[in-house]
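Open the model in your viewer and keep the sequence panel at hand. We will go from stop to stop, selecting a few residues at a time.

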Amino acid sequence: MQQLFSQHIARIQQIVQHALELARLDGLWIYAGQAKYHFLDDQTSPFKINPHFNYIFPDPTAEQSWLFLDGKNKPKLYFYAPQDYWHCTPNPPTSAFFADEFEWQMLTDSQQIQQYIINPTRCAFIGEQTELAKSLGFEHINPQKVLNVLHFERSIKSEFEIECIYQAQLTALAGHQAAKEAFFAGKSEFEINLAYLQATKQSDNNVPYGNIVAINQHSAILHYTKLDFTPPCERHSFLLDAGTSYFGYASDLTRTYAFDPQSEFAAMIAQMEQFKLDTIADMQVGMNYLSYHTQMHRWISQMLHQFEFVKLPADQIFEEGISRTFFPHGLGHQLGLQVHDVAGFQQNHRGTRKAPPEIYPSLRCTRDLAEGMVLTIEPGFYFIEMLLNQWKNHPLARFFNWQKIDEFKRYGGIRTEDNIVMRATGAENLTVKAAEKINNY
C-alpha cells in the first residue's frame with residue numbers, strides 16, 4: 001500500500017499544480033471539517049470528513065485538521081490532537097504507511113492554525129466552513145475553477161484508491177453473508193442489521209450509507225431504512241443494500257433473495273443477476289454510460305413480457321416507457337470517497353455538465369467511460385404501487401396483468417449490485433474478484 005499511496009500523492013501534486021495554475025493561486029488549504037451541533041442542543045451529529053481532505057490524507061477521523069498543498073513541496077498536515085478528558089482524542093497516525101508523505105505539525109488548540117496561514121488572499125480554501133474561512137482572511141473560498149479540476153480528477157481513481165475500494169468489498173461480503181443467514185434463520189430486519197454490523201465491525205454511525213435491510217414489500221421502497229423489530233408472519237423476499245469503508249473509500253453492494261428457491265420470483269432474481277453480469281461483460285472504455293442504462297431497460301422490457309406482467313411485445317413495452325415504472329432508478333453511479341461520487345455529469349476539467357435525459361431523471365452518470373472509473377452496476381425490478389397507479393386509467397391498462405402484479409407486490413422488488421473498475425480491456429468486477437478470494441480461503 002505504501003508504494004501505491006506514494007504514486008497516489010504524486011498524481012495529486014500534479015492535479016493541484018494544474019488547478020492552482022488555472023485559478024492563478026499559490027496554494028490550497030483544505031479543512032477536514034468538524035462535527036455539527038443539533039439545533040438548541042449540546043450533542044453533535046456523527047462527524048463526516050471533507051472528502052477532498054480524505055482524498056489526500058487517508059484518515060476519515062481527522063476532525064478539525066488542515067492540509068496545505070502547493071503542488072510542488074511535500075504536503076503539510078496540521079493534525080488536530082487536543083488534550084481532552086471528556087472525549088476520546090485521536091492518536092496521530094505518525095507510523096502509518098502514508099505518514100512519510102506529509103510534513104507534520106500538531107495542533108492542540110484549533111486556533112493555532114492562524115499562525116500557519118500566510119497570505120490567505122493568494123490561496124484557495126476548500127471546505128464547508130465558509131465563515132471560518134472568511135475569519136481567517138480567505139477570499140477564494142471553494143473556487144469553482146479549482147473544484148472542477150479536483151472533481152473531474154477524483155472521478156478517475158488511482159491504483160491506491162482502487163485497492164481501497166476492493167478491500168471494502170471483502171468486509172461488505174462478509175456482512176452480506178451474515179445478513180443472509182440471519183434472514184433465513186427467521187430474524188427481524190433490526191436483528192439482521194445487527195448481524196451485518198457485527199460481521200463488518202462497523203456501527204450505524206460509520207457505515208458509508210444507511211443500510212437498506214428490507215423484507216418482503218419493504219424492498220419496493222428504494223431507500224428503506226426503517227427496520228422492523230418484529231419478524232413478519234410470512235417470508236417471501238429479502239433485499240440488502242449495504243457496504244463498508246476502507247480508509248474512507250466505500251463499497252456499495254446489493255443482493256436480493258427469495259425465501260422459496262423454487263418460486264417464480266427466484267427465477268426473476270436469477271434473470272436480473274444475469275442482466276447485471278452481461279452488462280458488466282459488455283462495458284468498454286469510450287462508451288457512454290447511458291447506452292448501458294438504455295440496454296437494461298430493453299432487457300427489463302423483455303422480462304416484463306417473458307414473465308407475463310405486461311402482455312405486449314418487448315419492443316413496445318420499451319417504447320411506451322412501461323419499463324421505467326418497474327425500473328425507476330439509474331443503472332448505477334460513480335463510487336469512491338462518496339457513495340454517490342462526484343463528477344457523474346461533469347464532462348471535462350472546465351466543468352461542462354451534461355444532464356440526464358428527461359425520461360431518465362434518476363440516472364447519475366452521463367459520462368463516456370474512462371480507464372480508472374469506479375462505478376456501481378445495480379439494475380432493479382420493483383412493484384411500486386405509486387408508479388403502477390398511473391397506468392390503471394391508461395389506454396394500455398388492459399395489457400397489464402394486474403392480478404399477477406398484485407400477487408407479486410408481496411415480494412417488493414429485486415436489486416442486485418456489483419462494483420466495477422474500468423480497465424483498458426473492459427470492466428473488472430471488484431465484487432466478484434473479492435468473492436472469489438473469500439471462497440478460495
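Which residue in E16 is the bridge partner of isoleucine 420? Select isoleucine 420 and you will find asparagine 429 as its bridge partner in E16.

Before moving on, a word on what you are looking at. This is a predicted model, in which local features need pLDDT of at least 70 and side-chain atom pairs count only at pLDDT 80 or more, while totals for chains, interfaces and linings use all residues. Residues are numbered from 1 along each chain as its sequence is written, and side-chain values use heavy atoms, with hydrogens and water left out. The helix and strand labels are DSSP runs numbered from the N terminus (helices are H or I with at least four residues, strands are E with at least two).

**Stop 1: the three-stranded sheet**

Stay with E16 and add strand E15, residues 418–423; the two pair in the antiparallel sense over four bridges. Two strands count as paired if DSSP finds at least two bridges between them. In general, strands of a sheet pair through backbone hydrogen bonds, either parallel or antiparallel. Now bring in E12 to complete an open sheet of three strands, ordered E12-E15-E16, with antiparallel pairing. Strand E12 (374–377) and strand E16 (426–429) are the edges: each has a single partner strand, so one side of each has no neighbour in the sheet. On average, neighbouring strands here are turned by 40° against each other, direction ignored.

Next, select helix H5, residues 159–184, which packs on this sheet and touches E12 and E15. The direction of H5 makes about 160° with that of E15. Axes are lines fitted to C-alpha atoms, for helices over the stretch in contact, and angles run from 0 to 180 degrees between N-to-C directions. Contact means heavy atoms within 4.5 Å.

**Stop 2: the six-stranded sheet**

Select E4, E3, E2, E1, E5 and E6: they form an open sheet of six strands in the order E4-E3-E2-E1-E5-E6, with mixed pairing. Strand E4 (103–107) and strand E6 (140–141) stand at its edges with a single partner strand each, so one side of each is left without a neighbour in the sheet. Zoom in on E5 and E6, which pair in the parallel sense over two bridges. Alanine 124 has histidine 140 of E6 as its bridge partner.

Then show H1, which lies across strand E1 (27–31) and E2 and runs at about 75° to E2.

**Stop 3: H1 and its partner helix**

Keep helix H1 (residues 2–23) on screen and add helix H4 (residues 144–154); they pack at an angle of about 155°, with their axes 8 Å apart. That makes H1 roughly antiparallel to H4, a label for angles over 145 degrees (under 35 is roughly parallel, 65 to 115 roughly perpendicular, and the rest oblique). To see the contact, display Arg11, Ile15, His18, Ala19, Leu22 and Ala23 in H1 with Lys145, Val146, Val149, Leu150 and Glu153 in H4.

Also in H1 is glutamine 17. Is glutamine 17 buried or partly exposed? At 27% relative accessibility, glutamine 17 counts as partly exposed; buried means under 20% relative accessible area, exposed over 50%, and partly exposed in between (1.4 Å probe, protein chains only). Leaving aside neighbours within four places in sequence, glutamine 17 is in contact with Gly71 and Lys72. Glutamine 17 and lysine 72 are 55 residues apart along the chain, with their C-alpha atoms separated by 7.2 Å.

**Stop 4: two loop residues**

Click on serine 65, in the loop between helix H2 (51–56) and strand E2 (66–69). Serine 65 has 0% relative accessibility and so counts as buried. Not counting residues up to four places away in sequence, serine 65 touches Ile30, Tyr31, Ala32, Phe53, Tyr78, Phe79 and Tyr80.

Now try glutamine 129, in the loop between strand E5 (123–126) and helix H3 (130–135). Glutamine 129 is buried, with a relative accessible area of 16%. With residues up to four places away again left out, glutamine 129 touches Tyr31, Gly33 and Gln34.

**Stop 5: H7 and H8**

Finish with helix H7 (residues 264–282) and helix H8 (residues 289–306), whose axes come within 11 Å and cross at roughly 155°. H7 and H8 are therefore roughly antiparallel to each other.
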